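Reader: I have a chain open on my screen and I'd like a close look at one part of it. Could you pick a strand, walk me through it, and then show me how the rest fits around it?

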Amino acid sequence: MRAQRYGVDGNPLGTATVFSAGFDGSQSRPSVAPLDGGGFVVVWLRTVALRMARAEAYGQRFDASGARMGDEFRVALSDGVDASPSVSSLSNGFVVVLTSYEGDDPNGGVFAQRYDAQAQPVGAVFRPTGAASGEDPVERDARVATLSGGGFVVTWITESGTGAVSEQVVAQRYTDEAEPADVAFLVAGAGGEKNDVLIGSLSDGGFVIGWTSTDATSSTLAFQRYEGRGIGRGKRIEVARAAILEAPAVAGLETEGFAFAWSQGTSVERLDLVSRRYNATGKPESDAEYVNDVRQGAQISPSIAARSGDTYLVA
C-alpha cells in the first residue's frame with residue numbers, strides 16, 4: 001500500500017510513502033480522510049494469502065509531511081470477515097464503518113467505531129440499523145461522511161426479502177459523539193439491484209447520497225439531496241444511464257454544489273471515466289464529460305476531490 005501527497009498545482013509533495021509492506025497477501029479498498037494539523041488517516045483491507053477468504057481492516061495515520069504516525073492499527077469491529085471500510089474525519093478524531101460477515105452467515109452487518117486523534121477507540125462499537133423489515137436483513141456497502149455543521153451520516157444497502165426487488169438504500173445521522181441523531185431513514189426504495197452507495201457532505205451543512213440501480217439492460221446512477229437534519233431536498237435525480245455504470249464517487253464543492261465521477265461503457269474491457277457537476281439546488285451545471293483523453297481500454301475506480309471554488313480533481 002502506498003500514499004502520495006500532492007500540492008494544489010498537481011505536483012507531488014515529497015515521495016510516496018510505502019506502508020503495510022512485507023505481508024504475503026493483498027492490500028485493497030483504501031479509504032482516506034484528513035486529520036487536524038494537516039495529517040490524514042488511511043483504512044484498507046488486508047487479505048492473507050493462505051486465508052484468501054479472511055479479509056481484515058487496518059488503519060494508519062500520517063502527519064502533514066506524509067510520515068507515518070505510530071503503528072498501523074487493526075480495525076476490529078467484529079469477529080467476521082471485513083469488507084469495504086470507509087473513514088471520515090471528526091473534530092476530535094475520526095470514524096470508521098465497514099461491513100462484516102460473521103461465521104457461515106452470508107448476511108453482512110454494518111459496524112462502526114469512533115477513534116480519537118491517536119487512533120484509540122472511543123466508546124463501544126455500534127451498529128447502524130433500521131429501515132428494512134423482516135428478520136436478519138442483509139446489510140452491505142456502508143459509507144460515512146462528516147457534516148460541516150457537526151456530526152456524521154452513515155448510509156448502506158439493506159435487503160430483507162429475496163432478490164434485488166427488496167434492496168433499499170438507507171441512512172442514519174449521528175452526533176460527533178456517535179449518538180443517533182434520529183432513526184434510520186429510507187433513501188431509495190426497493191426495485192432494481194442496488195450497488196455503489198456513496199455519500200458526500202455539502203458546504204451548507206447538508207449532504208448528498210448516490211447509488212446505482214441495475215436492471216436487465218442497463219445501470220443508472222441517481223442521487224438525493226438532504227438538509228443537515230436529514231430532510232430530503234427536492235426529488236431523486238438521475239445522473240446517467242449506461243449499459244455498464246459502476247464505481248461512482250462524489251465530492252461537495254466550496255460553492256455549495258457537488259460533482260460526480262464514475263466509470264461507464266459497453267463492456268468491462270471498454271470503460272471511460274465520466275464526470276458531471278451540479279449546483280446547490282441539484283441542477284446540472286455541466287454535461288457529462290469524459291475525464292480520460294485516451295479513449296481505449298478500461299478506466300475504473302475513480303476518486304474525486306474538491307478544489308477551490310467549483311473546481312475538482314478526478315483520479
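Author: Here is a look at strand S13, followed by the chain around it.

A bit of housekeeping. Residues are numbered from 1 along each chain as its sequence is written. This is a predicted model, where local features need pLDDT of at least 70 and side-chain atom pairs count only at pLDDT 80 or more, while totals for chains, interfaces and linings use all residues; side-chain values use heavy atoms, with hydrogens and water left out.

So, S13. This strand covers residues 167–174, and eight of its eight residues are buried. Buried here means under 20% relative accessible area, with exposed being over 50% and partly exposed in between (1.4 Å probe, protein chains only). Strands are DSSP runs of E with at least two residues, and helices are runs of H or I with at least four, numbered from the N terminus. Glu167, Val169, Ala171 and Arg173 point one way from S13, and Gln168, Val170, Gln172 and Tyr174 point the other way. Both sets are buried, charged residues such as Glu167 and Arg173 included.

What sits alongside? Strand S12 (residues 152–159) runs antiparallel to S13, and eight bridges join the two. Pairing takes at least two bridges between two strands, as found by DSSP. Thr158 has Gln168 of S13 as its bridge partner. S13 is also joined to strand S14 (residues 185–188), again antiparallel, by three bridges; there, Val169 partners Ala188.

Between S13 and S14 comes a loop, and Ala178 lies in it. Ala178 is not a glycine, yet its phi is positive, about 65 degrees. With 14% relative accessibility, Ala178 counts as buried. Asp141 is another non-glycine with a positive phi, about 55 degrees, but Asp141 is found in strand S11 (residues 138–146). Asp141 is buried too, at a relative accessible area of 18%.

Now for another strand, S5 (residues 55–62), which holds Gly59. Gly59 has 0% relative accessibility, so it counts as buried. Setting aside neighbours within four places in sequence, Gly59 is in contact (heavy atoms within 4.5 Å) with Val42, Val43, Trp44, Glu72, Phe73 and Val75. Val32 is 27 residues away from Gly59 along the chain, and their C-alpha atoms are separated by 9.5 Å.

Further along, four strands make an open sheet in the order S19-S20-S21-S22, with antiparallel pairing. Its edges are S19 (244–252) and S22 (289–290), each pairing on one side only. Seven bridges join S19 to S20 (residues 258–267), and Leu245 stands opposite Gln264 of S20.

Zooming out, the chain has zero helices and 24 strands. Its radius of gyration is 19 Å, close to the 20 Å that the globule rule gives for 315 residues, so the chain is as compact as a globular protein of that length. That radius is taken over C-alpha atoms, and the rule is 2.2 Å times the number of residues to the power 0.38. The C-alpha atoms fill a box of roughly 50 × 45 × 40 Å along the principal axes. Of the 315 residues, 49% count as buried. Among contacts with a separation of 6 or more, 41% come from residues 24 or more positions apart.
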